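Here is a walk through one protein model, from the overall fold down to single side chains. Keep the structure open and follow along.

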Amino acid sequence: MKNNLAGENERSALIESAVRDNADMIYRIAYQNTGNHHDAEDILQEVSILLVTKNAPLNDKEYLKRWLIKVTVNKCHDLYRHKKRTQTEPLDDYINTPSQEKDNVLEEIFSLPEKYRTVIYLYYYENFTLQEIADTLGKKLNTISSDLQRARKKLKKILTEED
């Protein structure tokens, strides 16, 4: 009984540490995919719950980080599909809230198609290599490389048009 309790306490400590260490990254990825703070917070919570309920790889920090990114991206896709099916209007359109200063480049990244946003974000903001992105998203290296090149071209075009 004592060993079982000690194992549960150790697992709880590992989960708490994993959430604490990766919450900012999960939130940023969710926010850059959804463009909405509330949805990003919901996704962070859902990913944290999955970390507790699923048999997540808690001992290998690199694998855990990739697992969390993949789960986060999948949750963003699920949310997008759900919103597309339900066709709801965001409440933000009806509430006047003071606008916050945003990083111009990050805002322009939001205007890119979803597959480009994720690749460019992971590459530049999370410092992933192309191979790590390919492994994390379950795509081929050449696909990720092409997506990154296309994302750069689109982003360059957007940024030069503004000037």
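A residue counts as exposed when its relative accessible area is over 50%, as buried when that area is under 20%, and as partly exposed in between. Keep those cut-offs in mind, because they decide how each residue below is described. The model itself is predicted.

Start with Asn127. This residue is exposed, because its relative accessible area of 62% lies over the 50% cut-off. Asn127 sits in the loop between α5 (114-124) and α6 (130-137). Its backbone deserves a look. The phi angle is positive, about 55 degrees, although Asn127 is not a glycine.

Now step back to the whole chain. The protein has 7 helices and 0 strands. Read from the N terminus, the order of elements is α-α-α-α-α-α-α. Of its 163 residues, 33% count as buried. The exposed surface comes to about 11,100 Å². Carbon and sulfur atoms supply 49% of that area.

How do the contacts span the sequence? Take contacts between residues at least 6 apart in sequence: 67% of them join residues at least 24 apart. The salt bridges give concrete cases of pairing along the chain. The structure holds 5 of them. Three are described here, beginning with Glu126 and Arg28.

The side chains of Glu126 and Arg28 meet in a salt bridge, with 2.7 Å from N to O. Glu126 lies in the loop between α5 and α6, and Arg28 lies in helix α1 (residues 2-34), so the pair ties together parts that are 98 residues apart in sequence. Which partner is buried, and which is partly exposed? Glu126 is the buried one, because its relative accessible area is 9%, under the 20% cut-off. Arg28 is partly exposed, with a relative accessible area of 36%. The loop between α5 and α6 thus holds a buried residue, Glu126, and an exposed one, Asn127.

The next salt bridge joins Glu46 and Lys75, at 3.6 Å from N to O. This pair links distant parts of the chain: Glu46 belongs to helix α2 (residues 37-53), Lys75 belongs to helix α3, and their positions lie 29 residues apart in sequence. Glu46 is partly exposed, because its relative accessible area of 36% falls between the two cut-offs.

Stay with Lys75 for a moment. Helix α3, where Lys75 is found, covers residues 61-86. Leaving aside neighbours within four places in sequence, Lys75 is in contact with Ile43, Glu46, Val47 and Leu50. Asp42 offers another distance to check. The C-alpha atoms of Lys75 and Asp42 are separated by 9.7 Å, and the two residues are 33 apart along the chain.

Trp67 is also placed in helix α3. What does Trp67 touch, not counting residues up to four places away in sequence? The list is Leu50, Leu51, Lys54, Ala56 and Pro57. Leu50 is thus in contact with Lys75 and with Trp67. For Trp67 and Ala56, the C-alpha to C-alpha distance is 7.9 Å, and the separation in sequence is 11 residues.

The salt bridge between Arg150 and Asp147 lies within one helix. Their closest N and O atoms are 3.9 Å apart. Both residues lie in helix α7, 3 residues apart, which is about one turn of the helix. Arg150 is partly exposed, with a relative accessible area of 43%. Asp147 counts as buried, because its relative accessibility is 3% and the cut-off is 20%.

Finish on the surface. Lys115, Lys139, Lys154 and Lys157 form a positive patch there. One of these, Lys154, is found in helix α7 (residues 141-162). Lys154 is partly exposed, with a relative accessible area of 38%. Patch members need over 30% relative accessible area, so Lys154 clears that requirement.

A nonpolar surface patch is formed by Val105, Tyr124 and Tyr125. Together these residues have about 250 Å² of accessible area. Val105 lies in helix α4 (residues 104-110). At 34% relative accessible area, Val105 is partly exposed. The patch requirement of over 30% is therefore met by Val105 as well.

Notes
Residues numbered from 1 in each chain as written. Predicted model: local features only at pLDDT ≥ 70, side-chain atom pairs only at ≥ 80, totals over all residues. Heavy atoms only, no water. Patch = residues over 30% accessible without salt bridge, like charges linked within 9 Å, V, L, I, M, F, W, Y side chains within 5 Å. Areas by Shrake-Rupley, 256 points an atom, 1.4 Å probe, with all protein chains shown as cover. Salt bridge = Lys/Arg side-chain N within 4 Å of Asp/Glu carboxyl O. Lys, Arg positive; Asp, Glu negative; His and termini not counted. Charge placed at Lys NZ, Arg CZ, Asp CG, Glu CD. Helix = DSSP H or I, 4+ residues; strand = E, 2+ residues; numbered from the N terminus. Buried < 20%, exposed > 50% of the residue type's maximum accessible area, 1.4 Å probe, protein only. Contact = heavy atoms within 4.5 Å.
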